[in-house]
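Student: Hey, could you walk me through this protein structure? I'm new to reading these.

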Amino acid sequence: MSFRPIFEAHLWDDVKASIYAKTSADVERALSAPQRTLEDFKALISPAAVPYLEQMAQLSHQLTRKRFGNTVQLYVPLYLSNECQNICTYCGFSLDNKIRRRTLSSVEMLQEAAVLKDWGYEHVLLVTGEANQTVGVDYLEKALRTLRPHFAHLSMEVQPLDQEDYERLIPEGLNTVLVYQETYHRDDYKKHHPKGKKSNFNYRLDTPDRLGRAGIHKMGLGVLIGLEDWRTDCFYTALHLDYLERTYWQTKYSLSFPRLRPAEGLLQPKVEMSDRELVQLICAYRLLNEEVELSISTRESPVFRDNVVKLGITSISAGSKTNPGGYVVAPESLEQFEISDERSPAEIAAMLRRQGYEPVWKDWDATLVGLAR
């Protein structure tokens, strides 16, 4: 099976028109539905839903507390390399961006890891550019073997891989893979990815299927908000999630909401998304799906994160550096993008406690995950 036939059956212009045609009656029907559909989701992300935002927020809060309790998981990215063979118009690591490239050695990985351990982290997201010769499967396997003894949960946001590559990495401790489509708009995708393996739209679109067949424990989806109409792009994300949950039901899923942030010498967002619109989207996802994990990163401002955490968010990053070696080895290396919330992990944990939440530093042990599966 593949998501591609479902994707191709939903034409972009038709989907967009359908969303913007939704009425207040559609929104009220969605809010009162005992189980919401993708058509309900269209209504909840439509302009017609804006007057209902307070009601959506209350429902989202209730559903999140019912399913996830009063816990919020803390995670942190560990950038291993900024080497990349792709040209991407929005990314500081783009091949045509003349920066000093750096890839961490095993010793440097452990130096970075020591800082994160001192902060209390057990959940680490490994991030690299997309450079198969430098940070390919051999390098990723070495990184997992190096860091696995030190952390309870290792996630990865790197280049899409073949199914057999994921099958090779999972036994080394790989728990979660994040792979963002960036945009589901084919023409705009091509415009923003003119060179490199990432320019292959279909290969990237098929990545979650390869992950599902490989038996990954959890995968993360999302789009880069700002490349195209956010409502239409996020409907395709919901459509993709719906297919994956039905097809690979043993896998867990998370969603992220990265808004396009400034990066050195790169483009500005084509479509601006306001804070209220991001709140609307987060609540709409929660009302559609009570099980999916929702994550918010340090791209967002402190004020926004403090307020949105109680509206459906289940995981949050803190103290993030988006450059390889950014914590101690090479703090002056170029960032992939600028962060907005620069508070320390301790400050974020204190903020969560003030709001009545318990910060969770450690994900489930691998032994418990194995028993659950």
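Tutor: Sure, we'll go through strands, helices, cysteines and one odd loop residue.

Student: Anything I should know before we start?

Tutor: This is a predicted model, so local features need pLDDT of at least 70 and side-chain atom pairs count only at pLDDT 80 or more, while totals for chains, interfaces and linings use all residues. Residues are numbered from 1 along each chain as its sequence is written, and side-chain values use heavy atoms, with hydrogens and water left out.

Student: And how are helices and strands picked out?

Tutor: They are DSSP runs numbered from the N terminus: helices are H or I with at least four residues, and strands are E with at least two.

Student: Cool. How many residues of strand β1 are buried?

Tutor: Eight of the nine residues in β1 (residues 71-79) are buried, so the strand is largely enclosed by the rest of the structure. Buried means under 20% relative accessible area, exposed means over 50%, and partly exposed is in between, using a 1.4 Å probe and protein chains only.

Student: Which strands does β1 pair with?

Tutor: Two strands count as paired if DSSP finds at least two bridges between them. β1 runs parallel to β2 (residues 123-127), with four bridges joining them. β1 also pairs in the parallel sense with β8 over three bridges, and with β9 (residues 358-360) over three bridges.

Student: Which residues face each other there?

Tutor: Leu-78 has Leu-126 in β2 as its bridge partner. Leu-74 is opposite Ile-316 in β8, and Gln-73 is opposite Val-360 in β9.

Student: OK, β8 came up. What pairs with it besides β1?

Tutor: β7 pairs with β8 (residues 315-317) in the parallel sense over two bridges. The bridge partner of Ser-295 in β8 is Ser-315. To get from β7 to β8 the chain passes through helix α15 (residues 302-308), and this β-α-β crossover is right-handed.

Student: What does right-handed mean for a crossover?

Tutor: Look with the strands pointing away from you: the crossover is right-handed if the path from the first strand over the helix to the second runs clockwise.

Student: And which way do the residues of β7 point?

Tutor: In β7 (residues 293-296), Glu-293 and Ser-295 point one way while Leu-294 and Ile-296 point the other way, and all are buried. β7 also pairs with β6 (residues 252-256) in the parallel sense over three bridges, with Ser-256 opposite Ser-295.

Student: Switching to helices. How do α13 and α14 sit relative to each other?

Tutor: The axes of α13 (residues 230-247) and α14 (residues 275-288) come within 12 Å and cross at roughly 20°. Axes are lines fitted to C-alpha atoms, for helices over the stretch in contact, and angles run from 0 to 180 degrees between N-to-C directions. α13 and α14 are therefore roughly parallel to each other. For the cut-offs, under 35 degrees is roughly parallel, over 145 is roughly antiparallel, 65 to 115 is roughly perpendicular, and the rest is oblique.

Student: What about α4 and α13?

Tutor: Their axes come within 10 Å and cross at roughly 155°. That makes α4 roughly antiparallel to α13.

Student: Which helix is largely enclosed?

Tutor: One of them is α8 (residues 137-147): eight of its 11 residues are buried, so it is largely enclosed by the rest of the structure. Among the buried ones are Tyr-139, Glu-141 and Thr-146.

Student: New topic: how many disulfides are there?

Tutor: A disulfide is a covalent bond between the sulfur atoms of two cysteines. Here it is counted as a pair of cysteine sulfur atoms within 2.5 Å, and the count comes to zero.

Student: Why no bond for Cys-283?

Tutor: Because the closest cysteine sulfur, in Cys-234, is 13 Å from the sulfur of Cys-283, too far for a bond. Cys-283 is buried at 0% relative accessibility, and Cys-84 is buried too, at 9%.

Student: And the odd loop residue?

Tutor: That's Glu-182, which has a positive phi of about 75° although it is not a glycine. Glu-182 is in the loop between β4 (174-178) and α10 (186-192).

Student: Is Glu-182 buried or exposed?

Tutor: Glu-182 is buried, with a relative accessible area of 8%.
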